[in-house]
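Welcome! Here are some short exercises, each with a worked solution. Try each task on your own before reading on.

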Amino acid sequence: MTTGSFPNTRFRRTKSSDALRRLTAENTLSVDDFIWPVFVRDGENETTAIPSMPGVERLTVDRIVRAAEEAATLAIPAICLFPYTDPSLKTADCAEAWNPDNLTNRAIRAIKAEVPEIAVMTDIALDPYNIDGHDGFVRDGIIVNDETVEALVKMARAQAEAGADILGPSDMMDGRIGALRAALEDDGHVNVAILSYAAKYASAFYGPFRDAVGASGALKSDKKTYQMNPANGDEALRLVERDLREGADMVMVKPGMPYLDICRRVKDAFGAPTYAYQVSGEYAMLKGAAANGWLDGDKVMEESLLSFKRAGCDGILTYFAPAMARILNARKA
Ligand code: PBG
């Protein structure tokens, strides 16, 4: 990289018109970059607002199918399902997690029947089904690893059987990627992808999500014995390497904006398909400020999403997916 001196070099030349700015743009945001997370609830033709996530609603399965259609029309490649499980179905043994007819599995089947072209991603973790609100089984106050992995495998098998295209283990147990991959191979689901939540931090930015899936009340204590310490960076690389070796096809850094350094390091170190999750708290911050007139909502949405591309990400899980897609598509038209 060489840079001459003034006036041979004037950085303002390449900024002097829209055409020049477009020609010299190093990164672009595309609808192809988005995975849209959505919340599923029981019932028919109903929605529930999530106050801490303005503009996001829990949708019944029929409405989720409409959302998938909308996503496909906007050319968003993937949708990611998170269930709001009725509290009466939450138990210590989390059996609802691998019920072939649970909300997630019903939603997968319904989407695949009506909108087969969209990729359906799922969440693998026990928290929506766990009376304790944790991603793993709790025994005497300890989140047990190996027993949880066995349950995650059952959950994954049911989701793959229902037609999921991408499994998203978000639990942060050790050894789960290898176990899931072996089960998928065994069952003949050789093309079901695993997008591992490889570098997932114990973050307070997940607060609104826990409201959305109804886990806030259930969760006692925190997730620090399995999610990463926000102080760590090298460990993220070791986790990503481990998950790739065990059979992950794609890896994720989560949350997004406070961890862009990790996105860049992961992409540079492995060159694997790398995703960031712009989580509920990031969405809530931007929406909250915009609602107060403190920020221009559309502009910070786009700038925040572009930052992930600059940091090396191949894609972003974002609640902004449809709103951003509408703007990008209108620009092309
Ligand atoms: C739980 C899970 C969480 C999110 C995705 N899967 C929350 C948590 O770990 O407590 C967070 C997503 C968001 O905040 O948008 N397995």
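**Exercise 1.** Is A75 buried, partly exposed or exposed?

*Solution.* Keep in mind that the model is a predicted one.
Step 1: Find A75, which sits in the loop between α2 (61-73) and β4 (78-83).
Step 2: Look up the cut-offs: buried means under 20% relative accessible area, and exposed means over 50%.
Step 3: A75 has a relative accessible area of 43%, so A75 is partly exposed.
Step 4: Check the backbone too: A75 is not a glycine, yet its phi is positive, about 70°. Most residues other than glycine have a negative phi.

**Exercise 2.** Find M172 and decide: is M172 buried or exposed?

*Solution.* Step 1: Go to the loop between β8 and α5, where M172 lies.
Step 2: With a relative accessible area of 8%, M172 is buried.
Step 3: Now turn to the backbone of M172, a residue other than glycine: phi is positive here, near 65°.

**Exercise 3.** Describe the overall build of the protein chain, beginning with its helices and strands.

*Solution.* Step 1: Count the elements: there are 11 helices and 12 strands in the protein chain.
Step 2: Compare the radius of gyration with expectation. A compact globule of 333 residues would have a value near 20 Å, and the protein chain has 20 Å, so the two agree.
Step 3: For the extent, the C-alpha trace spans about 70 × 45 × 40 Å along its principal axes.
Step 4: Of the 333 residues, 52% are buried.
Step 5: Turn to the surface: the protein chain exposes about 15100 Å², and carbon and sulfur atoms supply 52% of that area.
Step 6: Take the contacts between residues at least 6 apart in sequence; 75% of them join residues at least 24 apart.
Step 7: Finish with charge. The protein chain has 38 positive and 48 negative charges, and their mean positions are 8 Å apart.

**Exercise 4.** Which residues of helix α5 are buried, and where around the axis do they lie?

*Solution.* Step 1: Helix α5 covers residues 176-186, and its buried residues are R176, I177, L180, R181, A183 and L184.
Step 2: These residues cover an arc of only 165° around the axis, so they lie on the same side of α5.
Step 3: Look for what covers them: the cover includes α4 (146-162), β8 (166-167), β9 (193-200) and α7 (234-246).
Step 4: Continue past the helix to G188, which follows α5 and has a positive phi near 80°.

**Exercise 5.** Place I64 in the fold and list what I64 is in contact with, leaving aside neighbours within four places in sequence.

*Solution.* Step 1: I64 belongs to helix α2.
Step 2: The relative accessible area of I64 is 0%, so I64 is buried.
Step 3: Leaving aside neighbours within four places in sequence, the contacts of I64 are V38, F39, V40, L59, L81 and I111.
Step 4: Compare sequence with space: I64 and A110 are 46 residues apart in sequence, while their C-alpha atoms are 8.6 Å apart.

**Exercise 6.** Is R41 buried or exposed?

*Solution.* Step 1: R41 is part of strand β1 (residues 34-41).
Step 2: R41 has 15% relative accessibility, so R41 counts as buried.
Step 3: Setting aside residues up to four places away in sequence, R41 touches E46, T47, T48, R58, L59, T60, V61, Y84 and L103.
Step 4: Pick R58 from that list: R41 and R58 are 17 residues apart in sequence, and 5.8 Å separates their C-alpha atoms.

**Exercise 7.** Which residues does the cis peptide bond with omega of about 5° join? Then look at a second cis bond, with omega of about -10°.

*Solution.* Step 1: The bond with omega of about 5° joins F6 and P7, and P7 lies in the segment before α1 (18-23).
Step 2: The bond with omega of about -10° joins K254 and P255. P255 is found in the loop between β10 (250-254) and α8 (260-270).
Step 3: For background, most peptide bonds are trans.

**Exercise 8.** Where does D296 lie?

*Solution.* Step 1: D296 is in the loop between α9 (280-291) and α10 (297-310).
Step 2: Its relative accessible area is 41%, so D296 is partly exposed.
Step 3: D296 and L286 are 10 residues apart along the chain, and their C-alpha atoms are separated by 8.9 Å.

Terms used
Residues are numbered from 1 along each chain as its sequence is written. This is a predicted model: local features need pLDDT of at least 70, side-chain atom pairs count only at pLDDT 80 or more; totals for chains, interfaces and linings use all residues. Side-chain values use heavy atoms; hydrogens and water are left out. Helices (H or I, at least four residues) and strands (E, at least two) are DSSP runs, numbered from the N terminus. The radius of gyration is taken over C-alpha atoms; the globule rule is 2.2 Å times the number of residues to the power 0.38. Buried means under 20% relative accessible area, exposed over 50%, partly exposed in between (1.4 Å probe, protein chains only). Contact means heavy atoms within 4.5 Å. Accessible areas come from the Shrake-Rupley method with a 1.4 Å probe; for residues, only the protein chains shown count as cover. Lys and Arg count as positive and Asp and Glu as negative; His and the chain ends are not counted. The place of a charge is taken as NZ of Lys, CZ of Arg, CG of Asp or CD of Glu. The arc is that of the directions from the helix axis to the C-beta atoms.
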